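Here are my notes on this model, point by point. Please keep the structure open while reading.

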Amino acid sequence: MFIQRMLNQTGAPALERLLSFTEARQGLIADDIANVDSQNYRQKDLSVERFQQMLRQRVDAAHNPAHNPSTGSSPAGADDFSDIDAELEYPTRGILFHDGNNRSMEQLMSDQAKNALMHQVAVELLRKQYQSMQAALQDKVG
């Protein structure tokens, strides 16, 4: 219970959900790159903007001063990010070629780099939080 409460009071649940998102998006981008020359292939992506909006709303709900400070509890589900899912979209940016493909290797590589950076930032932030919790627990035990 104590560990779970510590995890929920940090940004760990949101960061873990972000890691899941970037992992899923990386798979879609890799699939798009692999099929860049396939006829009639439509690129797939996850809506970054929609995911960030849902995550921001949930974080705001968790930090809303309207929650009951006497009990220390957040609004129902505010600490649980498992229901936040990204929407699959079919990007229409770029040129639609005669074979029905809207490929743009430059855009795919840019998306891949941005996604990898977002993933790395989330990993580092999560690692720092776990190190802080580990230090706090060691201090408490010692």
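1. **The core.** This is a predicted model. Its largest nonpolar core holds 17 residues. Leu18, Phe21, Phe51, Leu55 and Ile84 have the most contacts inside this core. Three helices give it two or more residues each: H2 (12-34), H3 (48-62) and H4 (105-141). H2 supplies the largest share, 7 residues.

2. **Phe51.** Which residues does Phe51 touch, leaving aside its neighbours within four places in sequence? They are Arg17, Leu18, Phe21, Ile84 and Ala86. Leu18, Phe21 and Ile84 also appear with Phe51 among the core residues with the most contacts.

3. **How H2 and H3 pack.** The axes of these two helices come within 11 Å. They cross at roughly 170 degrees. Angles over 145 degrees count as roughly antiparallel, and H2 and H3 are therefore roughly antiparallel to each other.

4. **Who makes that contact.** From H2 come Ala14, Arg17, Leu18, Phe21 and Arg25. From H3 come Val48, Phe51, Leu55 and Val59. By type, the contact residues divide into 7 nonpolar, no polar and 2 charged. Arg17 and Arg25 are both on the H2 side of the contact. Arg17 is also in the list of Phe51 contacts, while Arg25 returns in the salt bridges below.

5. **Salt bridges, overall.** How many salt bridges does a search of the whole structure find? The count is 4. Three of the pairs are taken up here, including Arg25 with Asp45, Asp31 with Lys44 and Glu87 with Arg50.

6. **Arg25 and Asp45.** Their side chains meet at 2.7 Å, N to O. Arg25 sits in helix H2, and Asp45 in strand S1 (residues 45-46). The pair links distant parts of the chain, 20 residues apart. Are the two partners buried or exposed? Arg25 is buried because its relative accessible area is 6%, under the 20% limit. Asp45 is buried too, at 4%.

7. **Asp31 and Lys44.** This salt bridge has an N to O distance of 3.3 Å. Asp31 belongs to helix H2 and Lys44 to the loop between H2 and S1, so the bridge ties together parts 13 residues apart in sequence. Asp31 is partly exposed, with a relative accessible area of 29%. Lys44 is buried, at 19%. The cut-off for buried is under 20%, so Lys44 falls on the buried side of it.

8. **Glu87 and Arg50.** Here the side chains meet at 3.1 Å, N to O. Glu87 is in the loop between H3 and strand S2 (88-89), whereas Arg50 is in helix H3. Again the pair links distant parts of the chain, now 37 residues apart. Both partners are partly exposed: Glu87 has a relative accessible area of 43%, and Arg50 has 28%.

9. **Arg93 and its loop.** Where is Arg93 placed? Arg93 lies in the loop between S2 and H4. This residue is partly exposed, with a relative accessible area of 33%. Along the chain, Arg93 and Ser104 are 11 residues apart. Their C-alpha atoms are separated by 8.9 Å.

10. **What to look at together.** Start with H2. This helix gives the core its largest share. H2 also runs roughly antiparallel to H3. Two of the salt bridges have a partner in H2: Arg25 pairs with Asp45, and Asp31 pairs with Lys44.

Notes. Residues numbered from 1 in each chain as written. Predicted model: local features only at pLDDT ≥ 70, side-chain atom pairs only at ≥ 80, totals over all residues. Heavy atoms only, no water. Core = buried A, V, L, I, M, F, W, Y, C linked by side-chain atoms within 4.5 Å. Buried < 20%, exposed > 50% of the residue type's maximum accessible area, 1.4 Å probe, protein only. Helix = DSSP H or I, 4+ residues; strand = E, 2+ residues; numbered from the N terminus. Contact = heavy atoms within 4.5 Å. Axes fitted to C-alpha atoms, helices over the stretch in contact; angles between N-to-C directions. Parallel < 35°, antiparallel > 145°, perpendicular 65-115°, else oblique. Nonpolar A, V, L, I, M, F, W, Y, C, P; charged D, E, K, R; others polar.
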